[in-house]
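Biologist: Before we discuss labels, please put the model up. I want to know what each label rests on.

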Amino acid sequence: MSNHTSSLEASHFPVMLNEVLQIIAPIIGGKYIDCTFGGGGYSKEILNIPQTKVIAIDRDKKIKLFATKLEKKFPQRFKFFEIKFSQLETISTENVDAIIFDLGLSSIQLDDLTRGFSFRSDRKLDMTMGLNQISALEVVNNLNEKDLKLIIKYLGDEKEASKIAKNIVKQRKKKKITKTTDLVKIIERSKRLNFSKKINPSTKTFQALRIFVNKEITELILGIISATKKLKPGGKILVVSFHSIEDRIIKYFFNNYSKNKSRSSRYLPEDENNENALFEEYRNRIFKPSKQEIDKNKRSRSAKLRFAVRSSNEFYYPQKLIDKFKNYLNLEGINV
Ligand SMILES: C[S@@+](CC[C@H](N)C(=O)[O-])C[C@H]1O[C@@H](n2cnc3c(N)ncnc32)[C@H](O)[C@@H]1O
C-alpha cells in the first residue's frame, strides 16, 4: 500500500466507535457484518476480539486496498466484498450477531477532491461512490427541469429548488456543465437573495444530487431489510445516519416492526405484525457523538445512532416500510 493510501486511512475517524462497540459487545467467536467498511474502523476493533469473524462490504473500489491488507492479516476471519447494500443477499452468511451501517461518505472519499463530492473542489462533477449507473454530470446535463426540481427539493430539502433547476437548464443550453464550480456558481446565482449564513448555499443541492446518483434511499431500505433477515435471534442491527430522511426511515422500521410498536389507540387490538414482530421492544433511543468527538471530528456532528434487537420470530418481508417511503423510491427510480 502506498504512503498516500495509508495516510488517508489514518485520517479517517470512525464515528461513535465506543458507542458502537458497547452496543454490539463483540463476543469470542461471534459473527459480524460491517456494511460500510470505509477505513475499516469498526471491523478492525471487532477483529481484536479472539476468533470473531467479520464480513465487510463497501461499494467503493478504492476501499478495497485497505480491506486487502486486513484480509492478509486475518485470512480465516475477515472477508471483504465490493458490493452494495442492495446486494447483501448474495452473501450466504446467516445467524449474524450484529450488522452495522455507518451511512454516507467517509472522509477518505470527501477529501479526495477528484471525486467531485465537495463543492469546494474545482473538479469534474461526479459524486459516484462506486458501482453506479450514472454520475452527477449526466444528471445535471440530461435530466428534465421538472425531475431536477423534484430531486433537489425532496432529496435536498432545498426551498429554492425551482429556481436552481431552471437555471441549471438555462445554463446547460449555453454550455455543458462539467465542473463542481460551474454548479456552485449556478446555485449561488439562484439563491442570491436567500443566502443562509449557517450553511453553504450549495450544501443542499449537492446532498440531493449525491443521494440521487448513488440511490442512497433505495440502498438503505433494501440493505436494512436484508440485514434483518441475516441476524440471529438477539442479534443487533445498528445504523449511524447523517440526515433526516435516513433517520426517519430507520426510526419507522425499528418502531413499526418491534414488539411494542406504538398503536394509534390503546383500545385497538394488536395487529398481527405486533405479535410476530421482527424486533424486540424498541426504546427509540438515539445516541449522538460526545462533545469531545465533535471537537476532534467536525463531520460527526450530525450523526445519530439507533439500534434494534432481532426477535426470534420468523422473518417476513416488511412491505409497509417500502410503501411508506414509496415516494423516495420512485424519485430515485427516475431514468436519466
Ligand atoms: C462513513 S463511511 C464508513 C466509515 C467506516 N465506518 C470506518 O470506520 O472507516 C461509509 C462507507 O460506506 C460506503 N457505502 C455507502 N453506501 C453504500 C452502499 N449502498 N453499499 C455499500 N457501501 C456503501 C461508502 O463507500 C463509504 O466507504
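Modeller: Helices and strands here are DSSP runs, at least four residues for a helix and at least two for a strand, numbered from the N terminus. The model is predicted. On that numbering, Ala 25 is found in the loop between helix 2 (17-24) and strand 1 (31-34).

Biologist: Why is Ala 25 called exposed or buried?

Modeller: The cut-off for exposed is 12 or fewer other C-beta atoms within 10 Å. Ala 25 has 11 such neighbours, so Ala 25 counts as exposed.

Biologist: What makes the phi of Ala 25 worth a remark?

Modeller: Most residues other than glycine have a negative phi. Ala 25 is not a glycine, yet its phi is positive, about 40°. Lys 215, also not a glycine, has a positive phi of about 50°.

Biologist: Where is Lys 215, and why is Lys 215 called buried or exposed?

Modeller: Lys 215 sits in the loop between helix 10 (203-214) and helix 11 (216-230). Buried requires 20 or more other C-beta atoms within 10 Å. Lys 215 has 21, and is therefore buried.

Biologist: Which domains does the protein have, and how many residues of each are in contact?

Modeller: The domain assignment gives domain 1 (3-108 + 217-316) and domain 2 (113-214). Contact requires C-beta atoms within 7 Å. Seven residues of domain 1 are in contact with six of domain 2. The touching side of domain 1 has two nonpolar, one polar and four charged residues.

Biologist: What surrounds the ligand?

Modeller: The ligand is surrounded by 21 residues, and the closest are Pro 14, Thr 36, Gly 38, Gly 39 and Gly 41. By class, the shell has seven nonpolar, eight polar and six charged residues.

Terms used: Residues are numbered from 1 along each chain as its sequence is written. This is a predicted model: local features need pLDDT of at least 70, side-chain atom pairs count only at pLDDT 80 or more; totals for chains, interfaces and linings use all residues. A residue is near a molecule or strand if its C-beta atom, placed from the backbone, lies within 6 Å of it. Ala, Val, Leu, Ile, Met, Phe, Trp, Tyr, Cys and Pro count as nonpolar, Asp, Glu, Lys and Arg as charged, and the others, Gly among them, as polar. Domain bounds come from an automatic or database domain assignment. Two residues are in contact if their C-beta atoms, placed from the backbone, lie within 7 Å.
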